[in-house]
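Here is a briefing for a reader who has not seen this structure before. The sequence and model come first, and the notes follow.

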Amino acid sequence: MSKRTIPKIALVGNPNSGKSSLFNHLTGLNQKIGNFPGVTVDKKTGICNLDATHKAEIIDLPGTYSIYPNSTDEKIVFDILGNKNNPLHPDIVVVIVDASNFKRNLLLFTQLYDLHIPTVLVLNMMDIVEKTGLSIDEKKLSKELGVPVIPMKARKGKGVDVLKNTLLNDMDYHFSPIFDARSHAPEAIDSVKEMFSIEEDYVAYQMLQQHRINQSLTQNEKNLLTDLVEKHNFSRDDLRRKETLDRYAAINHFIDGSVKENFTTLPKHWTQRLDRIFTHKIFGYAIFFLILFLIFQSIFAWAEVPMDLIDLTFSELATWLSNTLPPGVLTRLLTEGIVPGIGGIVIFIPQIAILFAFIAILEETGYMSRVVFLMDKIMRKFGLNGKSVVPLISGVACAIPAIMATRTIENWKERLITIFVTPLMSCSARLPIYTILIALIVPDRSLFWFINLQGVALMGLYLLGFLAAIISAWVMKLILRSKERSFLVMELPTYKMPRWKNVGITMFEKSKTFVFEAGKIIFAISIVLWVLASYGPGDRIDKAEEVVMAETQNQQLTERQLHNKIESYKLENSYAGIFGKTIEPVIKPLGYDWKIGIALITSFAAREVFVGTMATIYSIGETDDELTIKNRMKREINPDTGGPRYSLATGSSLLIFYAFAMQCMSTLAIVYRETKGWKWPLIQLLYMTALAYVSAFIAYNIFS
């Protein structure tokens, strides 16, 4: 391999074959995540140091069972590998197969091999193979296939160095097609090769097979290929069946003598036993909800200490800066705007990290696939299918990647319904709002010895979002008309211990994304809010003390009470206060005042901005106050009732509002992109806003 070039190496394999683990080992944190050109499917690329002087660009392609695509994700694999002019076309393909499902996984390998790209075969999960009695002679298999064969335990990183050495060396590559496509349609293939200047028979054969979905072809080229198909009676379906039979016959030949199976200990022995419990029609659901319950209990129980430390740190920092820096506008901006705003987001890192750790563990162990299988029957009753569960569960983390994940759903109606209802799932951006409001209105008390009331309330909100999602899906199922039918076809991977490094990387990456993506918005809004809350029209702010002194001259106020009156007057007469009061009549029936109104508007950019906004608003004029944002909100008084502003009624109303409201511009943008128009995003925005307003109104009146 040349030292002057950075070759492209594509990782390809069936879903759950271990591609992501290998990708993480090869690239570490040198990863980039974006979209493939023209589509919103995750593109993961990274730089790998093969040795001290050689680098390679690693491309993690979506998992696929065959070169014949059934979804947008799988189509990407064909678009990149079947077209040499594609900018992502690799120099080498590393095909990762689950060695414990060796025979079936080889089908994809044989198809990719015939595209005539230098190929390396990785036999992953060899630890499972060793335990089950399956024996694979990789040297003999390598000789039979004519490609390097690397045994690997990708989750533990064993075999990665051998793979790097193999990629560094010039591979002794003698191509001999596994499927002789030309023997089945010689004239048609020769015509394509001549017309498009192609050398490889199988590439020409694939153009005849899949020219209608080949994005690299112009419409005129597609028409020419259609004419060739008709002229030569190229029967795509019949030839595809023959191809599959030929490939499996070749696979049987390759593994004969290279692979020995001992059927007295089945590869999925323990998996089958566990599946009897985890996919049981009663126990399976009970276990699933028990796991969810434990997750939400843990989020509150484990995160409390680090959250208190972060909260205290930012509070102390604001006080120290206020006492250290010279008085002035910049000091006030820093201590009243920026520090409380950022602190209001950083404080939730422990909870975000715990949530994503659990999600990563469920995916790593293979349990998440059981959830998809388990929920398929329920989902279909509401116009969804089992594949909708992945976006819905991903929506617990963030609606944006979750909506992008709907591309694996082939049926248009089911995909649209999933896109429409996914934002109702309680994403991580809602978590800061939930936890701070729950802490205000739900006592931190235990039932029995392990059930925390606040944890129960948090889980209730997540279940409320899920119920709203499936009921909304059911309504859409009745409204939308479609004759398309779909079926869930998936493979349940074997159970395995989670790879803790992958869990750690997931926690780090997701927390970093949460902080930096939200942080940019919050930083900007904190500054804008501070300005709006510190200045007002005319001389209202300047005359605040004079006006308040005149109004309270007959009252016996302490110095502290007088100070608070003045600060309150300043805030009411600031631009932010005037703006909040303008919308107060609309939100008052929900139990909200103008301060909450400001937060509702700013948090439309992103929900998590709500907490940062409250931190900024309640820090105005209180820089020497050591009370944290939660305590500051707790002692806020409702002037109409004389009771706490964040009473059970107002707190419940706010929780319900944020459980249902769209409140996320980025989600609207991604829905626009996925549905190719503004119709569905606008319907979604109106529906969720109306649902949130009416539900919050009902909640406020019930608890008042």
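**Phe175 and its surroundings**

Not counting residues up to four places away in sequence, Phe175 touches Tyr113, Asp114 and His116, where contact means heavy atoms within 4.5 Å. The model is predicted, so local features need pLDDT of at least 70 and side-chain atom pairs count only at pLDDT 80 or more, while totals for chains, interfaces and linings use all residues. Residues are numbered from 1 along each chain as its sequence is written, and side-chain values use heavy atoms, with hydrogens and water left out.

- Phe175 sits in the loop between α6 (160-168) and α7; helices (H or I, at least four residues) and strands (E, at least two) are DSSP runs, numbered from the N terminus.
- Phe175 counts as partly exposed because its relative accessibility is 27%; buried means under 20% relative accessible area, exposed over 50%, and partly exposed in between (1.4 Å probe, protein chains only).
- In sequence, Phe175 and Asp114 are 61 residues apart, and their C-alpha atoms are 8.4 Å apart in space.
- His116, one of the residues that Phe175 touches, belongs to the loop between α3 (102-113) and β6 (119-124).
- His116 is not a glycine, yet has a positive phi of about 65°.
- With 32% relative accessibility, His116 counts as partly exposed.

**The chain as a whole**

- The protein chain contains 30 helices and eleven strands.
- Of its 704 residues, 55% count as buried.
- Among contacts between residues at least 6 apart in sequence, 73% join residues at least 24 apart.
- The protein chain exposes about 32,700 Å², and carbon and sulfur atoms supply 60% of that area; accessible areas come from the Shrake-Rupley method with a 1.4 Å probe, and for residues only the protein chains shown count as cover.

**Two helix pairs**

- Two packed helices are described by the angle between their axes and the distance between the axes.
- The axes of α7 (residues 186-196) and α9 (residues 219-231) come within 10 Å and cross at roughly 160°; axes are lines fitted to C-alpha atoms, for helices over the stretch in contact, and angles run from 0 to 180 degrees between N-to-C directions.
- Helices α7 and α9 are therefore roughly antiparallel to each other, a label for angles over 145 degrees (under 35 is roughly parallel, 65 to 115 roughly perpendicular, and the rest oblique).
- Ser191, Val192, Met195 and Phe196 of α7 meet Glu221, Leu224, Leu225 and Leu228 of α9.
- Just as for the first pair, the second pair has an angle: the axes of α28 (residues 648-660) and α30 (residues 679-703) cross at roughly 160° and come within 8 Å.
- That makes α28 roughly antiparallel to α30.
- The residues in contact include Ile656, Phe657 and Phe660 of α28 and Tyr693, Tyr700 and Phe703 of α30.

**Helix α14**

- Helix α14 (residues 349-365) has 17 residues and reaches 24 Å from its first C-alpha to its last, close to the 24 Å expected at 1.5 Å a residue; the expected span is 1.5 Å times one less than the number of residues.
- Helix α14 is mostly covered, with 14 of its 17 residues buried.
- Gly366, just after α14, takes a positive phi of about 95°.

**Ile433**

- Ile433 is in helix α19 (residues 430-441) and is buried, at 0% relative accessible area.
- Leaving aside neighbours within four places in sequence, Ile433 is in contact with Arg607, Phe610, Val611, Leu655 and Tyr658.
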